[in-house]
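Colleague: I've just opened this one and could use a guided tour. Could you show me how to read its features step by step?

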Amino acid sequence: MQKLIENISQMPLFGVVITFLIGLFFMPLVIRVAKKYNFVVKPNKRTSHQGDIPNVGGLNIFISFVIFFVIFFCIFEYYQIPNFYSLLMGFCAILLVGLIDDLIDLRASWKLLGEIIAGCFLIVLADVRITNMHGIFSIWELSDAVSYFVSFFVYIAIINALNLIDGVDGLASGMGIIYACFFAIYFHLTGKIALSLLAYGLSGSLAVFFIYNVFGDSRRKIFMGDSGSLLLGFLISYLTFQFLELNAYWPLDTPQIYHMKAAPAVAICVLFVPLFDTVRVAVTRIKHGTSPFCPDKNHIHHLLLRIGLKHKQVTCVLMTVTIGFTLLGIACRNWSSIWLMVLTCVIGFILIFILWRLVDKANSESSNKNQINN
């Protein structure tokens, strides 16, 4: 058994298979427990599903990922993850925040406090944070105080962006798979096997949920819930910070060909869809005199639904756009970070402008049909 795991650990891609099989084994149990104890979401004005659906899919992601995490990085210790137990406590803390929010719908302020507490395990105790600005605005190394502030800001932005994008079947998990695969492949190429193994493991955990969420029938369907989206945001923040730090302090034993001078901009390209949408929606709410935390149906997936796309089509479109922005970041990885971010935002504004025109057209056609019917 030990020899088998040692061989698998040398091929991090197998992390996908391991967490997938663990998740596949536990998912039916998670669904049964959720239904038994009424951990379900009922149809409301913000949802489009019918019937009561379990909303603790994040629990299955957590179980499969943590079992894998503990086996490889704790029991067998083939690869060292610094401050392992602090990270594990962070996983547990953010899952707890998400589960409580799924059950009793926490106020935004309490939810934010929970996210910050979980973030302390990552940024303060595990000391995984942003310490360098890569020359953006001629800023390089950051003081500890500024480093903690920037790290918490980026962490909160990522975790809430992924939480808010979770609005249609398979969207958050599908995009999470893309993010995890990007980091997994990158860390694999650069010889950071522990990080690669961890990212591959995350993609396998998400794949099981994606299948049940998108293709499950009424008996097997499950939602990610805040427990899943917050956990996903926590892990993607961890991988993003490691990606930025690796490119800020490039090791001598790592192939120079994989160094990304515009690493911050590349990370923004990879995560652009949820980050851009969150900023856009918040600005729109403030412009209309409402709280940026007030829920509505103006997110990008809602707009795509308004033009007549189905859930699976919306997920497919946004995953394709995410892959496109990721490829843009890779292609322009050695540009100036500022110019790459400007180009990315310009493309984003063009795409959202086109989408709004399509929404206006769909609304106009719907209005004309109603007038004819009347």
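Colleague: Let me start with a helix. Which residues are buried in H13?

Modeller: Keep in mind that this is a predicted model. The buried residues in H13 are Val314, Thr315, Leu318, Met319, Thr322, Phe325, Thr326, Leu328 and Gly329. You can check the length of that helix too: H13 covers residues 311–331, and its 21 residues should span 30 Å at 1.5 Å a residue. The end C-alpha atoms are 30 Å apart, so the two agree.

Colleague: How far should I trust the coordinates in general?

Modeller: Look at the confidence before anything else. Where pLDDT is low, the predicted coordinates shouldn't be read in detail. Here the mean pLDDT of the protein is 89, with 91% of the residues at 70 or more.

Colleague: Where is confidence lowest, and where is it highest?

Modeller: The low end is helix H1 (residues 2–9), with a mean of 61, and the high end is helix H10 (residues 263–270), at 98.

Colleague: On to helix H2. What span should its 23 residues have?

Modeller: Same recipe: at 1.5 Å a residue, H2 (residues 14–36) should span 33 Å, and with its end C-alpha atoms 34 Å apart, that agrees. Still, H2 does bend, by about 35 degrees at Phe26, and Pro28 follows within four residues. Its buried residues include Gly15, Ile22, Met27 and Ala34. After H2 comes Asn38, with a positive phi near 60 degrees.

Colleague: I also see plenty of rings. How do I describe a pair of them?

Modeller: A pair of aromatic rings is described by the distance of the centres and the angle of the planes. The count here comes to 20 aromatic pairs. Take Phe65 and Phe91: their ring centres are 5.7 Å apart and their planes are at 70 degrees, so this pair is edge-to-face. Phe65 belongs to helix H3 (residues 57–75) and Phe91 to helix H4 (residues 84–104), so the pair ties together parts that are 26 residues apart in sequence. Phe65 and Phe91 are both buried.

Colleague: And Phe182 with Tyr186, are their rings stacked or edge-to-face?

Modeller: Stacked, with 6.4 Å centre to centre and 15 degrees between the planes. Phe182 and Tyr186 both sit in helix H7 (residues 171–189), 4 residues apart, or about one turn of the helix. As for exposure, buried means under 20% relative accessible area. Phe182, at 10%, counts as buried, and Tyr186 is buried at 5%.

Colleague: Which residues form one aromatic cluster?

Modeller: Phe65, Phe69, Phe84, Tyr85, Phe91, Tyr155 and Phe234.

Colleague: Where does the charged end of Arg129 sit?

Modeller: Over the ring of Tyr148, 4.5 Å from its centre. There's also Arg220, which lies over the face of Tyr212, at 5.7 Å from the ring centre.

Colleague: What about the loops? Where is Asn132?

Modeller: Asn132 is in the loop between helix H5 (108–125) and helix H6 (144–165). At 5% relative accessibility, Asn132 counts as buried. Its side chain reaches the backbone nitrogen of His134 at 2.6 Å.

Colleague: One last stop. How many Å separate the C-alpha atoms of Val214 and Lys261?

Modeller: They're separated by 37 Å, and the two residues are 47 residues apart along the chain. Val214 lies in helix H8 (residues 193–215), and Val214 is buried, with a relative accessible area of 10%.

Notes:
Residues are numbered from 1 along each chain as its sequence is written. This is a predicted model: local features need pLDDT of at least 70, side-chain atom pairs count only at pLDDT 80 or more; totals for chains, interfaces and linings use all residues. Side-chain values use heavy atoms; hydrogens and water are left out. pLDDT is the predictor's confidence in each residue, from 0 to 100. Helices (H or I, at least four residues) and strands (E, at least two) are DSSP runs, numbered from the N terminus. Rings of Phe, Tyr and Trp (its six-membered ring) pair if their centres lie within 6.5 Å; planes under 30 degrees apart count as stacked, over 60 as edge-to-face and the rest as tilted. Buried means under 20% relative accessible area, exposed over 50%, partly exposed in between (1.4 Å probe, protein chains only). A charge sits over a ring if NZ of Lys or CZ of Arg is within 6 Å of the ring centre and within 35 degrees of the ring normal. The expected span of a helix is 1.5 Å times one less than its number of residues. The bend at a residue is the angle between axes fitted to the seven residues ending there and the seven starting there. A polar contact is a pair of N or O atoms within 3.5 Å; within protein, one must be able to donate a hydrogen and the other to accept it, and residues adjacent in sequence count only if both atoms are side-chain atoms.
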